[in-house]
Amino acid sequence: MPIKPTHAFLAVAIQLALAPTVLATPADASKATAKPTQRSTPDDAFTLGRVDVRAQVLPTAGESTLAREQLDQLDAKVLGDAISQLPGTSLSRNSRNEATISVHGFDPRQVPVFLDGIPQYVPYDGYIDFDRFTTFDLAEIRVATGGASLLYGPNTLGGAINLVSRRPTEALQGDVRVGVGSSAEQTLAANIGMRQGAWYLQAGASQLQADGFPLPKGFVDYKSTPTDTGDERENAYRDDRRYSLKIGYAPSEDSEYAVGYVRQDGEKGNPVYAGRGRSGIRYWRWPWWDKESLYLIANQGLGDAHSLKLRAYEDRYGNGLQAYTDGSYATELNTTSFPSTYADRTQGASAILASQAITHHLVQMSVSYKADQHRDENPKSPTKRYRDVTTSIAIEDAIQIGTDWQLKLGASHERREAREVYQWPIGSTDATNGLVELLRDFGDAGELVLTASHKTRFPTIKDRYSARMGRALPNPDLKPERAQHLELGWRGRLWNDAAASVSLYQSRIDDLIQDAIVASDQCGGSECDQAQNIGRARHRGFDLALDQRLGDWLELGVAYTLLDRDNLSDPVTRLTNTPRQRVSAHARWNVGAHWYLVTTAEAEQGRIVSTSAPGNQNGYLDLPGFTVWGAKLVYEPTPQWQLDVGGRNLSDHWYELAEGYPMPGRTWFANVAYRF
């Protein structure tokens, strides 16, 4: 069943916010001995939503940030479009019409997504659909690589993505946005913040919907029975609504507590495969893709040297998947697998104790508990229930050595227990992580950071127990994947009005979960697929980001990524869905007192994907490289009003991120925004 809002759920949020018990904020981050970097962060960012106390003044190594102003300028309405602008990242799409992000070659199972430090990924398979998450209520997005803080908790094998919500700084502030675009796209978004003394309230609502998207010039549907023969991509509709509410209380400089509620209601179609292959023809629709989160974050100063941060949360996720016999979507597929309904729930809590009792040391200790429940419902088969419990303990110590050096040491131990499993044996597994970071501050010349870490990822419920519609044999004994990271990075200013960052990195992955063929009669034959810890891989790369300002009339930004991924255990099995090279760039020209022009460009080369199309190389295809351009003209008659009109993929180029799934052709949009 789809998630429905409950008055009780909202009532709990309001009661928690108004409760007199004081639990609140960490010690003032300015007490940390590290010096601020040149990079500023927005004043309206919800600092309680950041994980590492140091992050309030010093971005951690390998971490990139997108602020609210950048999201608006790039017209990044959904999470995937936003994060893919950062160095070291790339956007991918799959046959389920889901957008995913990779960071240094690691997928969302290995780079989990958090909202104000609260896990957002789906319990069953560890993924999220980045297209379902709109960005209108965010203050900033922080993306960390393999050196991500251990305080995030388990499964940050390749890094972490933290979405930081807004927090008001004025008595009344906010914005309203209305937009239209190609294929009947409509955008409605409103955010309002109020602060009265120690109390504040932040609320937001948004809707992003479209009937589909335009097909690019020259597109051909190669199926024997084509479904996309017009100008628009069929069954590519979307409707995503998001509501957020946060109530906070900050009675003193070192105490703050807030309760937040976020709800997403979504539905989408699944465009049909249009390539030359002989498989993958699916006529699918999701009538609902819903998510609901309630969380409490509380920080309390404990004297001059200590602080305590508490988080508690409950997250509910549900979706429904319907399959049909053909492109008319009139007759549902009559199999035991459909319709499929997921009903997942996560409950968890964490505590971080920060101490500066030892001179030149900032010690942070954390414990966390997370219970994931997955229920797979189908009227044609018994309900399948699963429950995992994951616990962790971590410690990090940031040591200031003189005025120019800082050393960070960290370690954590994690345990996952399968408490309830449909039909299969339960079990447990443990993992240990470590982190070393050495930072050298060169003052105006920037800072150099060397990071070495050992990270792990527990296999998901799907990894261990999915039978993949009868094709696979579950494996309850899967062990965690392990990775060793080494990264050297510099960030600072090259010359006046030029900020830059560069990094070199290598990651070695062991016990990578890959499919093997095993002898078994449980899959309708003599063999089954089975996920096993048999893979070894290596990721190596180079990231570069440069932002240049030329007077008051021109701003330039570029991010470049070079990524080399090797399957060391089985070179024939290629690592897919990431480009070897990727560039994203933007420029802003101030062409008049109230006018400016924003242009964007994205290019990539070297993406390998799986395919069944004829002429493939052992089931793989090298997709052609591409370059796409965008532009928008902005008019700001007053500081409050903004009107813009623009387009994406202006050359109407036919390009793909997955074989048989074209990306949108030339699209147009117009927006009106009012800020107060």
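Here are legends for a handful of views of this predicted model, from the whole chain down to single contacts.

Residues are numbered from 1 along each chain as its sequence is written. Local features need pLDDT of at least 70 and side-chain atom pairs count only at pLDDT 80 or more, while totals for chains, interfaces and linings use all residues; side-chain values use heavy atoms, with hydrogens and water left out.

**View 1. The whole chain, with four helices and 33 strands.**
Helices (H or I, at least four residues) and strands (E, at least two) are DSSP runs, numbered from the N terminus. The C-alpha atoms fit a box of roughly 70 × 60 × 50 Å along the principal axes. The radius of gyration is 24 Å, which agrees with the value near 26 Å for a compact globule of 676 residues (taken over C-alpha atoms; the globule rule is 2.2 Å times the number of residues to the power 0.38). Buried residues make up 56% of the 676, where buried means under 20% relative accessible area, exposed over 50%, and partly exposed in between (1.4 Å probe, protein chains only). Of the contacts (heavy atoms within 4.5 Å) with a separation of 6 or more, 67% are between residues 24 or more positions apart.

**View 2. A nonpolar patch of about 860 Å² on the surface.**
Residues in the patch include Leu172, Ile192, Trp641, Leu643 and Phe676. Strands β8 (172–181), β9 (185–196), β30 (641–648) and β33 (667–675) each give two or more residues to the patch. Leu643 sits in β30 and counts as partly exposed, at 36% relative accessibility. Patches are made of residues with over 30% relative accessible area and no salt bridge; like charges are joined within 9 Å, nonpolar side chains (Val, Leu, Ile, Met, Phe, Trp, Tyr) within 5 Å. Areas come from the Shrake-Rupley method with a 1.4 Å probe, and for residues only the protein chains shown count as cover.

**View 3. The disulfide between Cys523 and Cys528.**
The rule here is a pair of cysteine sulfur atoms within 2.5 Å, and the count comes to one disulfide. The S to S distance is 1.8 Å. With 115° about the S-S bond, the link is right-handed. Cys528 is buried, at 2% relative accessibility.

**View 4. Asp129 and Lys268, a buried salt bridge.**
A salt bridge is a side-chain nitrogen of Lys or Arg within 4 Å of a carboxyl oxygen of Asp or Glu, and the count comes to 49. Here the N to O distance is 2.9 Å. The partners come from distant parts of the chain, 139 residues apart: Asp129 is in the loop between β5 (118–119) and β6 (138–144), and Lys268 is in strand β12 (residues 255–270).

**View 5. Glu447 and Arg491, bridging two strands.**
The closest N and O atoms are 2.4 Å apart. Glu447 lies in β20 (residues 447–457) and Arg491 in β21 (residues 481–495), so the pair ties together parts 44 residues apart in sequence. Both ends are tucked away: Glu447 is buried at 4% relative accessibility, and Arg491 is buried at 12%.

**View 6. A salt-bridge network.**
Asp107, Arg109, Arg457, Asp463 and Glu481 are linked in this one.

**View 7. Thr229, out on a loop.**
The loop in question runs between β10 (199–210) and β11 (238–252). Thr229 is exposed, with a relative accessible area of 68%. Thr229 and Glu659 are 430 residues apart in sequence and 18 Å apart in space, C-alpha to C-alpha.
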